[in-house]
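Me: I'd like to learn how to read cavities and salt bridges in a protein model. Can you walk me through it?

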Amino acid sequence: MSVGTSLVINYEKRHRQDINYARIDLHNQGFQAVTSHEAGLTNATYCLYFDTIIGDLKNVHFSVLEQASAELSSLLRWRDETGKFPGFSAEDCIVLITTQTAEGILCAYALQNIFKTHWDKIKKDSTNQPFPNDFVSIEYVKGLGKATDPAFEETGLPEFLNYLHRAIVDYRAEGYEVILVPTGGYKALIPYMVLVGILHGVPLRYVYEESPRVLELPKIPLGLDMERWVREKFRLQGVLGKDYNPDDQQYKQLDHDFQSLLERDPQGKFSLSALGNFLEAVYRDLSWRSPLQLASGKTHLLDSLDDDLKEKFDRLVRIGHLIWKGDRVPEMVDHSLRHHYDLFELAERFLLPILDNNPNFLKPEELFILLGALYLHDCGHTLGTIYGSDEKPIRLFPTEIRDYHHILGYERLRHHDIASYVSKDLYEGLGWADTLQATWDDFLEIIATVGLFHRKDMPIGDGEAPYNKCPYFRNEYPPLMRNEAWPLKFRGNQMSPNRVALLVCLLRIIDSLDCQRARSGDQMEIDFHLAQIGSEAEEEKNRAGLFEKIVKGILKNDFAELSQAIQSSINGYRKRESKDHSVTAKAATTHATTTQLRGVLTKIKQKCNYDGTTAGLIFEYVLSRFRVDFKEYQKEHYADHVFVKQILIDAQRGDRISDNGDRHKTRFTIDIEVDQEIVEELALRPEEVAQKKRALLGNMREEYEMKEDSAKDIPAKTIVKDILEESGVTIEYGIDESC
């Protein structure tokens with residue numbers, strides 16, 4: 001709390017009508033010689049003024065006390081949500097920051113004494129607890145004297161900033177909640193206290209003029225000026241560590257605002273002040289964070305986690321951008337920047353309305369698992385070579401990486417013992433448990449499993465058929481809710497299969513919503529990306545052409561069978577990825593075409609008994625054919641959502657499901673906002689836009705309403721819809737036929 005002279009001014013106001021009242025002349029020359037409270041105790045005028053103020057307020061009513069000064073008004077007029085004065089306890093403390101002037105010193109120590117005198121009126125309880133000696137302390141700030149003194153601006157204000165920063169950091173470290181009260185003192189101090197309050201997120205309380213209320217100043221969401229820090233960083237580094245000299249040329253070249261962040265250290269060198277160090281730490285923290293880290297690390301969803309889970313998730317955020325290094329299908333989308341950034345934004349827009357409606361919808365550990373799965377469910381895109389059951393390396397086609405990326409992600413996280421999967425580094429970076437195995441058992445297994453089931457192909461319901469389309473790992477992946485197949489735990493506690501299934505359904509819905517243009521960048525970025533892919537496709541065509549001449553000569557009559565198998569596999573992939581086909585139509589196009597291609601390659605190798613070099617050459621030709629088509633197909637892939645400005649998510653709170661209020665209904669309407677400028681720029685016809693919009697919304701709806709195949713003689717269920725509705729969440733997908 002900053003201290004002013006209103007204690008004296010208000011005393012004069014109360015008694016100006018009294019003929020014989022004891023006047024207090026703050027301009028008295030003898031009084032002005034006081035430089036500290038201890039010095040004041042030997043000054044007769046100071047002691048007279050001190051006793052006059054204390055005596056005047058000794059037996060007054062609380063209502064008089066709270067109007068006696070700006071400082072007392074700020075503290076004693078504060079009311080809680082019930083309108084009552086909350087009072088103080090011995091665990092609280094008040095720090096009065098005073099100017100090193102006679103009047104500031106007088107008012108600060110008088111306020112300290114007033115609190116002691118009226119302790120029984122302002123404490124929280126009715127016990128006879130004495131006034132704590134350190135309840136109200138007084139701090140002087142170097143250079144903070146009279147406003148007319150040159151040192152006030154040159155030394156006092158910068159030191160005032162440094163003191164506030166150090167005090168907030170130190171008191172928070174001791175477990176205090178810090179509140180700044182800038183009501184008293186020089187008005188020049190107010191903006192500095194507001195600035196520090198904004199930087200540290202500290203509340204500020206203020207009494208305006210004669211207002212009967214204490215206002216809490218709004219915490220304006222301002223932050224560090226990154227551009228200025230980048231601009232001055234080099235010059236700042238050039239000054240630090242040099243002999244302190246205000247005439248130093250590099251120092252004088254610094255922006256004036258940055259000069260104020262430097263001070264002379266005990267060795268006589270330029271060094272950053274406490275505030276300067278704090279601001280540089282903020283700069284460093286922001287400068288290395290990617291947009292994904294900023295979005296995921298600051299999401300409101302973290303408010304529902306306990307402190308330990310927040311800290312663990314922060315570790316994932318800090319290394320998360322490294323997970324996608326070496327992406328084998330970068331043509332699809334930038335997973336480390338665009339797609340997952342969108343997912344955390346969409347997760348907020350989808351989950352926050354549910355949690356606002358029903359805070360118990362997800363337990364903290366369940367939300368942690370879901371957020372972890374959002375981060376890691378696509379990490380299989382980085383594996384180009386895998387190790388099957390015989391531990392021999394298997395090189396994958398780009399289409400296989402995409403088809404099986406959910407399984408590749410699960411296996412990558414599971415096998416921290418395979419160096420090329422780079423999972424050991426991930427485990428060690430997370431530091432979630434003492435051993436790698438404990439990290440998997442207690443945390444990552446369930447996160448990896450939720451990620452594994454994020455694709456529609458994966459069976460959730462206990463009565464569904466196992467997934468057996470990937471030939472490289474286990475023969476089949478049983479349904480998620482078949483508990484004996486997936487005995488999942490978190491921190492050693494068994495997780496209900498129904499709750500894990502809910503997390504999978506939420507992940508599928510959130511993942512399906514990211515079909516907006518933002519996942520690819522603006523139109524210029526998309527055009528540049530497609531032009532680059534087109535150039536790479538031409539280079540790959542030339543490469544494939546050279547391989548083809550050689551491979552034709554080697555295979556002769558067998559070449560036609562290989563070429564047909566390649567094209568069949570490519571066509572099958574395109575159908576599976578197309579948004580213009582229903583799930584039923586896609587289901588008819590299985591992964592068998594790629595398996596058949598593998599079979600053709602094996603047959604040719606066995607028939608002709610080729611050595612490893614020749615077989616490798618043939619594989620490179622096949623791989624090159626895939627790469628050509630994979631790059632060319634991206635034009636169609638990007639065109640699918642280039643017109644989508646954003647996904648509209650409208651949440652409405654519904655009726656309570658249970659009488660005890662544990663669950664409530666939340667109804668969502670999902671729709672697409674069309675970017676008319678892009679539509680006009682690309683000259684898209686209304687019927688084209690309508691068709692694309694229907695396809696995208698239909699694809700999202702299928703994620704919600706798709707029926708799983710049943711392995712038993714029971715009707716197939718819309719498993720995702722059923723699970724979400726059972727938990728109180730319903731979704732409608734609006735299709736505006738007219739666009």
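Reply: Sure, and keep in mind that this is a predicted model. Let's start with a single side chain: Arg598 has a relative accessibility of 18%, and it counts as buried because the cut-off for buried is under 20%.

Me: Which residue does Arg598 meet in a salt bridge?

Reply: That would be Glu400, with 2.6 Å from N to O. Glu400 sits in helix α19 (residues 398-403) and Arg598 in helix α27 (residues 592-608), so you're looking at a link between distant parts of the chain, 198 residues apart. As for Glu400, its relative accessible area is 1%, which makes it buried.

Me: How many salt bridges are there in total?

Reply: The count comes to 32. Some of them share partners: Arg395, Glu540, Arg543 and Glu620 are joined into one network that way.

Me: Okay, give me another pair. What does Arg14 pair with?

Reply: Arg14 pairs with Asp56, and here too the N to O distance is 2.6 Å. Look at where the two sit: Arg14 is in helix α1 (residues 6-15), while Asp56 is in helix α4 (residues 44-56), so this salt bridge ties together parts that are 42 residues apart in sequence.

Me: And are those two side chains buried or exposed?

Reply: Neither word quite fits. Arg14 is partly exposed, at 31% relative accessibility. Asp56 is partly exposed as well, with a relative accessible area of 21%.

Me: What about a salt bridge inside one helix? Where do Arg315 and Glu311 lie?

Reply: Both lie in helix α16 (residues 307-320). They're 4 residues apart, which is about one turn of the helix. Their closest N and O atoms are 2.6 Å apart, and together they form a salt bridge. Arg315 has a relative accessible area of 30%, which puts it in the partly exposed class. Glu311 is partly exposed too, at 34% relative accessibility.

Me: Now for the cavities. How does anyone find empty space in a protein?

Reply: The idea is to roll a probe the size of a water molecule over the atoms, which shows where empty space is left. In this model, a search of the whole structure turns up 2 cavities of 30 Å³ or more.

Me: How much space lies in the largest cavity, and which residues line it?

Reply: It holds about 50 Å³. The lining is made of Leu376, His377, His406, Gly409, Tyr410, Leu413, Ile447, Ala448, Gly451 and Leu452. Two elements give two or more residues to that lining: α20 (405-414) and α22 (436-452).

Me: How does that lining divide into nonpolar, polar and charged residues?

Reply: You get 6 nonpolar, 4 polar and no charged residues around the largest cavity.

Me: What is the volume of the second largest cavity, and what lines it?

Reply: Its volume is about 30 Å³. Around it you'll find Thr399, Ile570, Tyr573, Phe626, Asp629, Phe630 and Tyr633. Helices α25 (559-577) and α28 (612-639) each supply at least two of the lining residues.

Me: Which element gives the most to that lining?

Reply: That's α28, with 4 residues. By type, the lining of the second largest cavity has 5 nonpolar residues, 1 polar and 1 charged.

Technical notes
Residues are numbered from 1 along each chain as its sequence is written. This is a predicted model: local features need pLDDT of at least 70, side-chain atom pairs count only at pLDDT 80 or more; totals for chains, interfaces and linings use all residues. Side-chain values use heavy atoms; hydrogens and water are left out. On a 1 Å grid over the protein atoms alone, a cavity is a set of points where a 1.4 Å probe fits but cannot get out, and a pocket is an open set with protein on both sides within 12 Å along at least five of seven lines; lining residues have an atom within 4 Å of a point. Grid points are joined across faces, edges and corners, and a volume is the space filled by probe spheres set on the points. Ala, Val, Leu, Ile, Met, Phe, Trp, Tyr, Cys and Pro count as nonpolar, Asp, Glu, Lys and Arg as charged, and the others, Gly among them, as polar. A salt bridge is a side-chain nitrogen of Lys or Arg within 4 Å of a carboxyl oxygen of Asp or Glu. Buried means under 20% relative accessible area, exposed over 50%, partly exposed in between (1.4 Å probe, protein chains only).
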